[in-house]
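Me: I am new to this structure and would like to learn how to read it slowly, feature by feature. Could you take me through it?

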Amino acid sequence: MIHGHRVGEPNRDCEVLEVQGSDGGAPYLVRWGDSGHEALFFPGSDASLEHYEHEARGNHAHD
Amino acid sequence: MRTIEMLHRSGVGVAPARTIREAATIMEHAGVGALAVVDGDQLVGVVTDRDIVRRAVARGLHGDARIDAVMTSPVVTVAADDTLDAAYALFASHGLRRLAVTRDGSFVGMLTIDDLLVSLVEQLDALARPITAEILFAQRDPAVPITT
């Protein structure tokens with residue numbers, strides 16, 4: 001989440017696709033939520049990170 | 001004050017193999033005028049909107065050309081823990097409008113002259129406020145009674 005810098009400017013969000021930093025840090029390959037474009041991102045004080053749980057994909061066997 | 005404390009915006013970058021068109025699109029959507037060109041986690045160049053105009057558009061370079069064909073390299077950098085005085089000196093000596101901030105050699109963000117100007121204006125405003133108040137609302141000491 002990147003917070004707006006001007007009054008009335010909406011927050012923007014992007015999804016982290018890949019961590020490219022050697023120690024698990026930046027740069028992150030992200031996809032912008034509003035445009036779908038991918039870029040390398042170096043989060044600063046205007047950004048916050050939110051974790052979401054993803055359900056495991058695939059078929060589940062039921063007895 | 002350290003340079004890192006003046007960074008208000010997240011940094012945005014591209015890989016060297018991305019195209020000029022992609023870089024321009026990222027600039028537009030991210031609302032920035034300069035991108036770090038990063039290979040792995042190594043800063044290899046910086047590309048600005050001005051670079052794209054002068055080195056690509058003006059020379060007829062195709063939008064599908066690699067962005068590293070028009071980037072500036074090597075990059076003038078300032079360390080995140082350096083003082084702002086060091087940043088001012090680099091801006092002045094190199095005639096730059098943006099300065100890549102690094103930590104241990106890795107890019108962390110882009111410091112712009114605009115950031116410094118905004119900070120200076122805020123400091124000047126803070127200095128001028130009490131003076132302005134004094135001019136507008138002058139306080140005079142009560143007259144001392146004259147005794148004879």
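Me: Let me begin with a single residue: does Thr3(B) count as buried or exposed?

Reply: Before the case itself, a word on the source: this is a predicted model, in which local features need pLDDT of at least 70 and side-chain atom pairs count only at pLDDT 80 or more, while totals for chains, interfaces and linings use all residues. Residues are numbered from 1 along each chain as its sequence is written, chains are lettered from A and ligands numbered from 1 in the order in which they are written, and side-chain values use heavy atoms, with hydrogens and water left out. A residue is called buried under 20% relative accessible area, exposed over 50%, and partly exposed in between, using a 1.4 Å probe and protein chains only. Thr3(B) has 0% relative accessibility and therefore counts as buried; this residue lies in the segment before strand S1 (11–14) of chain B.

Me: Which residues does Thr3(B) touch?

Reply: Contact means heavy atoms within 4.5 Å. Not counting residues up to four places away in sequence, Thr3(B) touches several residues, among them Val78(B), Asp82(B), Leu84(B), Val101(B) and Leu111(B).

Me: How should I read the sheet, and in what order do its strands run?

Reply: In general, the strands of a sheet pair through backbone hydrogen bonds, either parallel or antiparallel. Strands (E, at least two residues) and helices (H or I, at least four) are DSSP runs numbered from the N terminus, and two strands pair if DSSP finds at least two bridges between them. Here six strands form an open sheet with mixed pairing, in the order S1(A)-S2(A)-S3(A)-S1(B)-S2(B)-S3(B). Strand S1 (14–19) of chain A and strand S3 (42–48) of chain B stand at the edges with a single partner strand each, so one side of each has no neighbour in the sheet. Within chain A, strand S2 (residues 28–32) and strand S3 (residues 38–42) pair in the antiparallel sense over four bridges, and Tyr28(A) stands opposite Phe41(A) in S3(A).

Me: How many aromatic pairs does the structure hold, and how do I recognise one?

Reply: Rings of Phe, Tyr and Trp (its six-membered ring) pair if their centres lie within 6.5 Å; planes under 30 degrees apart count as stacked, over 60 as edge-to-face, and the rest as tilted. Over all chains there are two such pairs. Trp32(A) and Phe41(A) form an edge-to-face pair, with 5.8 Å centre to centre and 85° between the planes. Phe42(A) and Phe107(B) form another edge-to-face pair, at 4.7 Å centre to centre and 90° between the planes, and this pair crosses between chains, from strand S3 of chain A to strand S6 (residues 106–112) of chain B. Phe42(A) is buried at a relative accessible area of 2%, and Phe107(B) counts as buried at 4% relative accessibility.

Me: Which residues of helix H2 of chain B are buried?

Reply: In helix H2 (residues 49–57) of chain B, the buried residues are Asp51(B), Ile52(B) and Ala56(B). Seen down the axis of H2(B), they fall within an arc of 95°, so they line one face of the helix; the arc is that of the directions from the helix axis to the C-beta atoms. The face turned away from the buried side carries the exposed residues Arg50(B), Arg54(B) and Val57(B). The buried residues of H2(B) pack against helix H1 (20–30) and S3 of chain B.
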